[in-house]
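Here's a quick walk through this one, from a loop to the helix packing and the aromatic residues. Have the viewer open while you read.

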Amino acid sequence: MNKCYNLKIIYFKVTFKSFGGIYINTKSKLSLKENIFIGSMLFGLFFGAGNLIFPIHFGQTSGANVWVTNLGFLITAIGLPFLGIIAIGISKTNGLFDVASRVNKTYAYLFTIALYLVIGPLFALPRLATVSFEIAFTPFIEKEDVRLYLFIFSLLFFIVAWFFARKPSKILDYIGKFLNPLFLILLGGLFLLAFINPMGSLNAPIQPDYKEGALLKGFVDGYNTLDALASLAFGIIIVTTIKKLGVTNPTDIAKETVKSGAISIILMGIIYTLLALMGTMSLGQFKVSENGGIALAQIAQYYLGNYGIILLSLIIIVACLKTAIGLITAFSETFTELFPSRNYIMFASVVSIVSFILANVGLTKIIEYSIPVLMFLYPLAITLILLTLISSLFNDSKIVYQWTTFVTMFAALIDGIKASPAFLSKSGFGESITTFGERYLPFSAIGMGWVLPAVIGFIIGFILYKMRKPVKL
């Protein structure tokens, strides 16, 4: 019992100081039960607000192209996080900062800070509060009163999150143990109702953006879950859990990471697909909503009525609150390690206050402003993951990491500017950058202009590595 309790605590820890770095019961593989436990923990770690709302939304917008769009979405939403976990596992490092340091120390600081800001106070944390509010209260509130109630709700939400994040206690274990299964049971019931009595067919109208290139559009939509970024930040959690269970050989750790990760991604893939299909079928009763939070609330109310949506709302609020506590803890502990002169409580307080302020911008605005940042950061995260996976080919050479990263960064910046709000993307500078990208970078029109530059950067770096490598006589 104590071992299980300690393992669940790491769900909300990044540094695992409680383990004291002592690993016992060395073995070469985990039992099936242990793999299932780690897989379920990984699911709980990744499955937050965005994982609920974005499949619903692209299900509505892609219409009859939902299957193709969903395939592209699954590549980034579960495939890349899975690769990120494996990359951390085989890198034999202490996590994101160490891996990013293979480019250089300055880049490691900037990338680590930027990534944690995105999965923390700038986007993910505010989104947890706004998604909770959209689902729980929007159906019952007059439109003119929404801003006031969002202010009150988000204030209470982050006060509670900050209170428990000051020193995470057993409540986190209770939430992880009882709330997640209850949430899945309730969501399963909603799925059952939606597919037994569908609102409409899957042959629904297709929005213009999804008529052509639906696969790649779904791929880019998967950025919004933030999970590929989170995998770099939290991959060390899975690795440390496996070590705690007694597997310490790096090769064995990588194998067990694959097994446990596979359990998680299969479960997530099933849920994503069902959410997307449910979103498409909802067009039989509702118009395309402004965001997936509104759509999920409409669907839940349609099938369960007001009492059912209240119960669903409570589950989602507490589930999002649990994730918020974990993110505040992870952010604060990481920044305390990066900047030892500052204390944990200061970071926890600042991140909670900033998240509260940004939550009041509203869910649609948060998504709108997060997209250009994600378009910039995601290519850098993807190339870092892929480079780490194949690093044995070039012996972790900095020159390969640097050429790939910096050439990718240039192209990703173009994609980010193109996806920015009109004040930047439609400016003279923005339009000239967009025109350049569409003229010279293949796939730029669909937000994938970084792919060819990344390949070119890697080839140049690899050639230079080979040229510098001493010849063995």
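Asn395 has a relative accessibility of 61%, so it counts as exposed, since the cut-off for that class is over 50%. This is a predicted model, by the way. Asn395 sits in the loop between α15 (363–389) and α16, and its phi is near 55°, a positive value in a residue other than glycine. Asp396 is in the loop between α15 and α16 too. Its phi is also positive, at about 60°, although Asp396 is not a glycine. Why is Asp396 classed as partly exposed? Its relative accessibility is 33%, and partly exposed covers the range between 20% and 50%. As background, most residues other than glycine have a negative phi.

Now zoom out for a moment. The protein has 19 helices and zero strands. Of its 473 residues, 55% are buried. Take the contacts between residues at least 6 apart in sequence, and 83% of them join residues at least 24 apart.

On to helix packing. A packed pair of helices is described by the angle between the axes and the distance between them. Here are two such pairs side by side:

| Helix pair | Axis angle | Axis distance |
|---|---|---|
| α16 (residues 398–418) and α18 (residues 428–440) | roughly 125° | within 9 Å |
| α4 (residues 66–91) and α12 (residues 250–281) | about 160° | 9 Å |

How do α16 and α18 lie relative to each other, given an angle of roughly 125°? They are oblique, because that angle falls outside the parallel, antiparallel and perpendicular ranges. The crossing of α16 and α18 is left-handed. On the α16 side, the contact is made by Phe410, Ile414, Ile417 and Lys418. They meet Phe429, Gly430, Ile433, Thr434, Phe436, Gly437 and Glu438 in α18. By class, the residues of this contact come out as six nonpolar, three polar and two charged.

The second pair has another geometry: at about 160°, α4 is roughly antiparallel to α12, because the angle is over 145°. α4 passes α12 in a right-handed crossing. The contact of α4 with α12 has 19 nonpolar and seven polar residues, and no charged ones.

Last stop, the aromatics. There are 21 aromatic pairs in total. One of them joins Phe335 and Phe347, with ring centres 5.6 Å apart and 65° between the planes, an edge-to-face arrangement. Phe335 belongs to helix α13 (residues 292–338) and Phe347 to helix α14 (residues 344–359), 12 residues apart. Are these two residues buried or exposed? Phe335 counts as buried because its relative accessibility is 7%, and Phe347 counts as buried because its value is 9%; the cut-off for buried is under 20%.

Elsewhere, Phe133, Phe137, Phe153, Phe157 and Phe158 form one aromatic cluster. Have a look at Tyr149 as well, which is found in helix α8 (residues 146–165). Leaving aside neighbours within four places in sequence, Tyr149 is in contact with Phe133 and Ile141, and Phe133 is one of the cluster members. The C-alpha atoms of Tyr149 and Phe137 are 8.5 Å apart, with the two positions 12 residues apart in numbering. At 41% relative accessibility, Tyr149 counts as partly exposed.

Note on methods
Residues are numbered from 1 along each chain as its sequence is written. This is a predicted model: local features need pLDDT of at least 70, side-chain atom pairs count only at pLDDT 80 or more; totals for chains, interfaces and linings use all residues. Side-chain values use heavy atoms; hydrogens and water are left out. Axes are lines fitted to C-alpha atoms, for helices over the stretch in contact, and angles run from 0 to 180 degrees between N-to-C directions. Helices (H or I, at least four residues) and strands (E, at least two) are DSSP runs, numbered from the N terminus. Angles under 35 degrees count as roughly parallel, over 145 as roughly antiparallel, 65 to 115 as roughly perpendicular and the rest as oblique. A crossing is left-handed if the near helix is turned anticlockwise from the far one by less than a right angle, and right-handed if clockwise. Contact means heavy atoms within 4.5 Å. Ala, Val, Leu, Ile, Met, Phe, Trp, Tyr, Cys and Pro count as nonpolar, Asp, Glu, Lys and Arg as charged, and the others, Gly among them, as polar. Rings of Phe, Tyr and Trp (its six-membered ring) pair if their centres lie within 6.5 Å; planes under 30 degrees apart count as stacked, over 60 as edge-to-face and the rest as tilted. Buried means under 20% relative accessible area, exposed over 50%, partly exposed in between (1.4 Å probe, protein chains only).
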